Amino acid sequence: MSKLENPVLVATIGAAQGLRGEVRAKSYTADPTALGDYGNLHSADGRVFEVLEIREAKNMVVVRFRGINDRTAAEALNGLELFIERDNLPDDDLDEDEFFYADLEGLEAVDGTGRSYGSVTGVFDFGAGDLLELKGPGRRPVLIPFTEWSVLEIDLEAGRLLVDPVAAGLLDAKDDGAGNPFPKKSK
């Protein structure tokens with residue numbers, strides 16, 4: 001992927017669709033049919049793909065690329081990941097609390113005292129909400145929930161996330177000395 005400086009994964013090609021060179025693809029864009037709106041798509045091996053037609057199907061899109069004109073050529077693309085340059089994504093369309101996954105990767109996770117818990121190495125959604133993967137030197141990767149309770153602030157310019165380590169599951173809640181993690185209020 002030598003041509004892209006900051007690649008963002010936008011789709012993965014699946015099986016061929018029909019005989020005219022169309023392919024099924026899993027689109028990772030908010031609007032799956034907008035896949036062709038970001039310019040040409042690039043593969044890791046340097047190939048460039050221009051979207052000619054795109055239509056929505058059940059859980060995917062069906063795409064026709066320039067130069068892919070038969071089923072054999074379409075079948076050869078199965079499993080291929082497609083990328084765009086990060087600069088092609090429209091920042092002005094984002095709400096204040098919305099972020100591109102690619103912008104979160106590399107941010108350092110720190111608590112209110114400045115203690116580092118590692119950097120974001122991945123963002124995942126397994127169906128129950130977004131998770132951030134943190135990896136630090138000499139540490140195993142950990143997953144924390146990407147919620148307003150565990151990630152308190154995101155500062156893209158400073159390259160940091162402010163996290164609540166207890167809400168994120170990075171630290172245990174303090175106990176009252178008797179093994180009770182939820183001490184009773186004094187009267």
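Student: What makes the group around Leu41, Phe65, Leu77 and Leu82 the largest nonpolar core?

Tutor: This is a predicted model, and in it the largest nonpolar core has 23 residues, with Leu41, Phe65, Leu77 and Leu82 making the most contacts inside it. A set like this counts as a nonpolar core because its members are buried residues of the nonpolar kinds, joined through side-chain atoms within 4.5 Å.

Student: Which strands each supply at least two residues of this core?

Tutor: Those are β1 (7–17), β2 (22–27), β6 (61–65) and β7 (81–85). The biggest giver is β1, with five residues.

Student: And what else is there besides that core?

Tutor: There's a second, separate core of 13 residues, and Val120, Val123, Ile144 and Ala168 are among them. As a general point, nonpolar side chains in soluble globular proteins tend to be buried together.

Student: Back to Leu41. Why is Leu41 called buried?

Tutor: Check the number against the cut-off: buried means under 20% relative accessible area. Leu41 comes out at 0%, so Leu41 counts as buried. Leu41 is found in strand β3 (residues 41–42).

Student: What is Leu41 in contact with, once you leave aside its neighbours within four places in sequence?

Tutor: Quite a list: Val10, Leu35, Arg47, Val48, Phe49, Val51, Phe65, Leu82, Phe83 and Ile84. To be called a contact, heavy atoms have to be within 4.5 Å. For a feel of the fold, try Leu41 and Glu85: they are 44 residues apart in sequence, and their C-alpha atoms are 8.7 Å apart in space.

Student: How about Leu77, which residues does it contact beyond four places in sequence?

Tutor: Leu77 is in contact with Ile13, Val23, Arg47, Phe49, Phe65 and Ile68.

Student: Why does Val62 count as buried?

Tutor: Same kind of check: the limit is under 20%, and Val62 has 5% relative accessibility, so Val62 counts as buried. Val62 sits in strand β6. Skipping residues up to four places away in sequence, Val62 touches Gln17, Glu22, Val23, Glu53, Ile54, Arg55 and Ala57. Val62 and Gly14 are 48 residues apart in sequence, with 9.5 Å from C-alpha to C-alpha.

Student: Now the rings. What makes Phe124 and Phe126 a stacked aromatic pair?

Tutor: By the rule used here, there are two aromatic pairs. One of them is Phe124 with Phe126, at 5.7 Å centre to centre and with 10° between the planes. Ring centres must lie within 6.5 Å to pair, and planes under 30 degrees apart count as stacked, so both conditions are met.

Student: Are those two buried or exposed?

Tutor: Neither one is buried: Phe124 has 30% relative accessibility and counts as partly exposed, while Phe126 has 65% and counts as exposed. The reason is that exposed means over 50%, and partly exposed is what falls between 20% and that, so the two values land in separate classes.

Student: How do you know that β12 and β13 pair?

Tutor: Two strands pair if at least two bridges are found between them. Strand β12 (residues 151–155) and strand β13 (residues 160–163) have four bridges, in the antiparallel sense; so they pass. One example is Ile154, whose bridge partner in β13 is Leu161. The two strands form a hairpin with four residues between them, and Gly159 in the turn has a positive phi of about 75°.

Student: What about β8 and β9, how many bridges do they have?

Tutor: Strand β8 (residues 108–110) and strand β9 (residues 116–125) are antiparallel over two bridges. The requirement is at least two, so this pair qualifies too. Val110 stands opposite Ser116 in β9. In this hairpin five residues lie between the strands, and Gly114 in the turn has a positive phi of about 95°.

Student: Where does β10 come in?

Tutor: β9 pairs with strand β10 (residues 130–135) in the antiparallel sense over six bridges. Asp125 has Asp130 as its bridge partner in β10.

Student: What order do the strands take in the open sheet?

Tutor: Six strands run β11-β10-β9-β8-β13-β12, with mixed pairing.

Student: Why are β11 and β12 said to stand at the edges?

Tutor: β11 (142–145) and β12 each have a single partner strand, so one side of each is left without a neighbour in the sheet.

Methods: Residues are numbered from 1 along each chain as its sequence is written. This is a predicted model: local features need pLDDT of at least 70, side-chain atom pairs count only at pLDDT 80 or more; totals for chains, interfaces and linings use all residues. Side-chain values use heavy atoms; hydrogens and water are left out. Rings of Phe, Tyr and Trp (its six-membered ring) pair if their centres lie within 6.5 Å; planes under 30 degrees apart count as stacked, over 60 as edge-to-face and the rest as tilted. Buried means under 20% relative accessible area, exposed over 50%, partly exposed in between (1.4 Å probe, protein chains only).
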